[in-house]
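Grab your viewer and work through a few exercises on one chain. Try each task yourself before you read its solution.

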Amino acid sequence: MGDSTLDIEDILQRVLKLGAEYCDVRFEGSARTIVEVKDTELKKAYSGMEKGASVRVLYNGSWGFCSANNLLDRTLKSLFESAFKLAKASSMKRKEKTRLADVPAAKAHVIWHVKKAPLDI
């Protein structure tokens, strides 16, 4: 998403070295436009961008998950730390462990386009 100078690959590797079985991060960005009309009169119109990230960690068969709506380096570091701590804490109480299928890792960049822009309707 371009705002971070943080080395995500380095953090992923550090989490895995702490004992995590799996770790992933997903970035999301979206643009939105809000238009409010009442009795054919425009009341509000504004647009904006939102960016965020989510982190999942699997530790000893238990998941930890955290998300945030900004991409500051300190926030991203905190997401990884919190997701790891949550997974580790929940693994102490979990009786049945989650196991992942042995498949190659995937890396993707997806851009979704609307068929018809809302402002054109």
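Below are five exercises, each with a worked solution.

This is a predicted model, so local features need pLDDT of at least 70 and side-chain atom pairs count only at pLDDT 80 or more, while totals for chains, interfaces and linings use all residues. Residues are numbered from 1 along each chain as its sequence is written, and side-chain values use heavy atoms, with hydrogens and water left out.

**Exercise 1: the face of a helix**

Task: find out which residues of helix α1 are buried, and what they pack against.

Solution. Start with the ground rules. Helices (H or I, at least four residues) and strands (E, at least two) are DSSP runs, numbered from the N terminus. Buried means under 20% relative accessible area, exposed over 50%, and partly exposed in between, with a 1.4 Å probe and protein chains only.

Step one: go through α1, residues 8-17, and you get Ile8, Ile11, Leu12 and Val15 as its buried residues. Step two: look down the axis of α1, where these buried residues fall within an arc of 105°, so they line one face of the helix. That arc is taken over the directions from the helix axis to the C-beta atoms. Step three: check the partners, and the buried residues of α1 turn out to pack against β1, β2 and α2.

Step four: zoom in on Leu12, which is buried because its relative accessible area is 12%. Contact means heavy atoms within 4.5 Å. Not counting residues up to four places away in sequence, Leu12 touches Cys23, Asp24 and Phe80. The C-alpha atoms of Leu12 and Val57 are 9.6 Å apart, though their positions lie 45 residues apart along the chain.

Step five: look at what flanks the helix. At the start of α1, a side-chain oxygen of Asp7 comes to within 3.3 Å of the backbone nitrogen of Glu9. After α1 comes Gly19, with a positive phi near 115°.

**Exercise 2: bridges between strands**

Task: work out which parts of the chain the salt bridge between Asp24 and Arg56 links.

Solution. A salt bridge is a side-chain nitrogen of Lys or Arg within 4 Å of a carboxyl oxygen of Asp or Glu. Side chains of opposite charge can pair when their charged atoms come close.

Step one: Asp24 bridges to Arg56, with the closest N and O atoms 2.6 Å apart. Step two: this pair links distant parts of the chain, with Asp24 in strand β1 (residues 22-38) and Arg56 in strand β2, 32 residues apart. Step three: check the cover. Asp24 is buried because its relative accessible area is 9%, whereas Arg56, at 26%, is partly exposed. Step four: widen the view, and Asp24, Arg26 and Arg56 are linked in a network of salt bridges.

Now for another pair: Arg32 and Glu50 meet in a salt bridge at 3.6 Å, N to O. Arg32 sits in strand β1 and Glu50 in strand β2, 18 residues apart, so to speak another link between distant parts of the chain. Arg32 is partly exposed at 44%, and Glu50 is partly exposed at 41%. The structure holds eight salt bridges.

**Exercise 3: positive phi**

Task: take Thr40 and Asn60, and say where each one lies.

Solution. Thr40 is in the loop between β1 and β2. Its phi is near 65°, a positive value in a residue other than glycine. Thr40 counts as exposed because its relative accessibility is 82%.

Asn60 is in the loop between β2 and β3 (62-68). Asn60 is not a glycine either, yet has a positive phi of about 50°. At 36% relative accessibility, Asn60 counts as partly exposed.

**Exercise 4: surroundings of Thr98**

Task: is Thr98 buried or exposed?

Solution. Thr98 sits in the segment after α2 (73-91). Thr98 is buried because its relative accessible area is 19%, against the cut-off of under 20%. Leaving aside neighbours within four places in sequence, Thr98 is in contact with Glu21, Leu58, Gly61 and Trp63.

**Exercise 5: a residue in strand β2**

Task: place Leu42 and judge its exposure.

Solution. Leu42 lies in strand β2, which covers residues 41-59. Leu42 counts as exposed because its relative accessibility is 52%.

Methods: A polar contact is a pair of N or O atoms within 3.5 Å; within protein, one must be able to donate a hydrogen and the other to accept it, and residues adjacent in sequence count only if both atoms are side-chain atoms.
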